[in-house]
Amino acid sequence: MHQQLRDLSGEDSHFSQGRHQPEELNLEAHGVAAPSDPLEDVFGADSGVEAQDVVLQAPESTHPTDMSRLQAEHSTSGYREGVAVAKEASIQPGFDEGFSLGATIGQKAGHLVGILEGISNALQPLGNERSAEAEQLLNQAREELNTKHIFSPEYWAPDGNWTYQVDPSGEEREVLFPDVAEAHPLLQKWTGIVDTQVQQWHIQLDILRDETGPRVEIISDEQAKSGLAQKTNKALDW
């Protein structure tokens, strides 16, 4: 019995190609969508927007993101340094000028209150109506001539300058601290009152201003006691 020999060369080649080179499947033809890129949702652009359009929509500013912060820090640092330098250059001169002016005004106010206090103390032993009036006048002067009223915003600006009219005196026509003190409304008011009291009681203020007259030597209590003991011993020494 004879068997017909088959040519298997074609089949062998077919199977060999099937094993080593698989046939590519057309997924679109079978209705299966191609797998999408897994990174598309993270890094991909929006649907319908091209990459070129995304680049064009970038901000126009090319400065780094911390430029505004650096500008703010430098501006703040420069402002603080400027304030410190200005304070160092102006605080001491302003203090010197304000201290001198305040001392002149305070001396004037203290002089007026001192005269009224001397009058009140001199009339106090009388215990009559005039002594009561002198004491009442003294209390009123102490109330109005204190620092709260003299340096109130009614007479002074926030920068330390006076707001009332001051007329310069002297040949140079320059405003001096005594001119500012004498032109103060409260000091002018009480200067007139004190002058009236001085004339009424015939007080000689020139004695207070005389620097050439005799002066009483001021000694301590210990010196007074020792001097008294020496005199007593001498008086009792037979």
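## H4 alongside H8

H4 and H8 run roughly parallel to each other. The angle between the two helices is about 30°, and angles under 35 degrees count as roughly parallel. Their axes sit 10 Å apart, and H4 passes H8 in a left-handed crossing. On the H4 side, the contact is made by Ile105, Lys108, Ala109, Leu112, Ile115, Leu116 and Ile119. H8 answers with Leu187, Trp190, Thr191, Val194, Gln197 and Val198. One thing to keep in mind while you look at all this: the model is a predicted one.

H4 itself covers residues 67-123, and H8 covers residues 185-200. There's a record that fits in here too: UniProt, in an unreviewed entry, lists residues 78-116 as "domain: Essential protein Yae1 N-terminal". In the model, that span is 100% helix and 0% strand, and its end C-alpha atoms lie 55 Å apart.

## The chain as a whole

So what is the chain built from? The protein chain has 10 helices and zero strands. Walk along the sequence and the pattern reads α-α-α-α-α-α-α-α-α-α.

What share of the 238 residues is buried? Buried residues make up 15% of them. As for who touches whom, take the contacts with a separation of 6 or more: residues 24 or more positions apart account for 58% of those.

## H5 against H8

H8 has another partner in H5, which spans residues 129-144. H5 and H8 pack at an angle of about 160°, with their axes 11 Å apart. That makes H5 roughly antiparallel to H8, since angles over 145 degrees count that way. The crossing of this pair is left-handed. H5 brings Leu137, Gln140, Ala141 and Glu144 to the contact, while H8 brings Leu186, Lys189, Trp190, Ile193 and Gln197.

## Two H5 residues to look up: Ala141 and Glu144

Start with Ala141, which is found in helix H5. Buried or exposed? Ala141 is buried, with a relative accessible area of 0%. Setting aside residues up to four places away in sequence, Ala141 touches Val113, Leu116 and Trp190. Ala141 and Trp190 are 49 residues apart along the chain, yet their C-alpha atoms are separated by 7.4 Å.

Glu144 is in helix H5 as well. With a relative accessible area of 18%, Glu144 counts as buried, because the cut-off for that label is under 20%. Which side chain does Glu144 pair with in a polar contact? That would be Trp190, at 2.8 Å. Again leaving out residues up to four places away in sequence, Glu144 touches His149, Ile150, Leu186, Lys189 and Trp190.

## Towards the end of H8: Gln197 and Val198

Gln197 lies in helix H8. Despite the polar side chain you might picture on the outside, Gln197 is buried, with a relative accessible area of 15%. Beyond its neighbours within four places in sequence, Gln197 is in contact with Leu116, Ile119 and Leu137. Gln197 also turns up in both of the helix contacts described above: in the list for H4 and H8, and in the list for H5 and H8.

Val198 has its place in helix H8 too. Val198 is buried, with a relative accessible area of 10%. Which residues does Val198 contact, leaving aside its neighbours within four places in sequence? They are Ile115, Ile203 and Leu205. Take Ile115: Val198 and Ile115 are 83 residues apart along the chain, and 8.3 Å separates their C-alpha atoms.

## After H8: His202

Where does His202 lie? You'll find His202 in the loop between H8 and helix H9 (206-209). His202 is exposed, with a relative accessible area of 69%; the label applies because that value is over 50%. Check the backbone here as well: His202 has a positive phi of about 55°, although it is not a glycine.

Note on methods: Residues numbered from 1 in each chain as written. Predicted model: local features only at pLDDT ≥ 70, side-chain atom pairs only at ≥ 80, totals over all residues. Heavy atoms only, no water. Helix = DSSP H or I, 4+ residues; strand = E, 2+ residues; numbered from the N terminus. Buried < 20%, exposed > 50% of the residue type's maximum accessible area, 1.4 Å probe, protein only. Polar contact = N/O pair within 3.5 Å; in protein donor to acceptor, adjacent residues only side chain to side chain. Contact = heavy atoms within 4.5 Å. UniProt positions renumbered as here; feature names shortened; annotations may be inferred. Axes fitted to C-alpha atoms, helices over the stretch in contact; angles between N-to-C directions. Parallel < 35°, antiparallel > 145°, perpendicular 65-115°, else oblique. Left-handed = near helix turned anticlockwise from the far one by under 90°.
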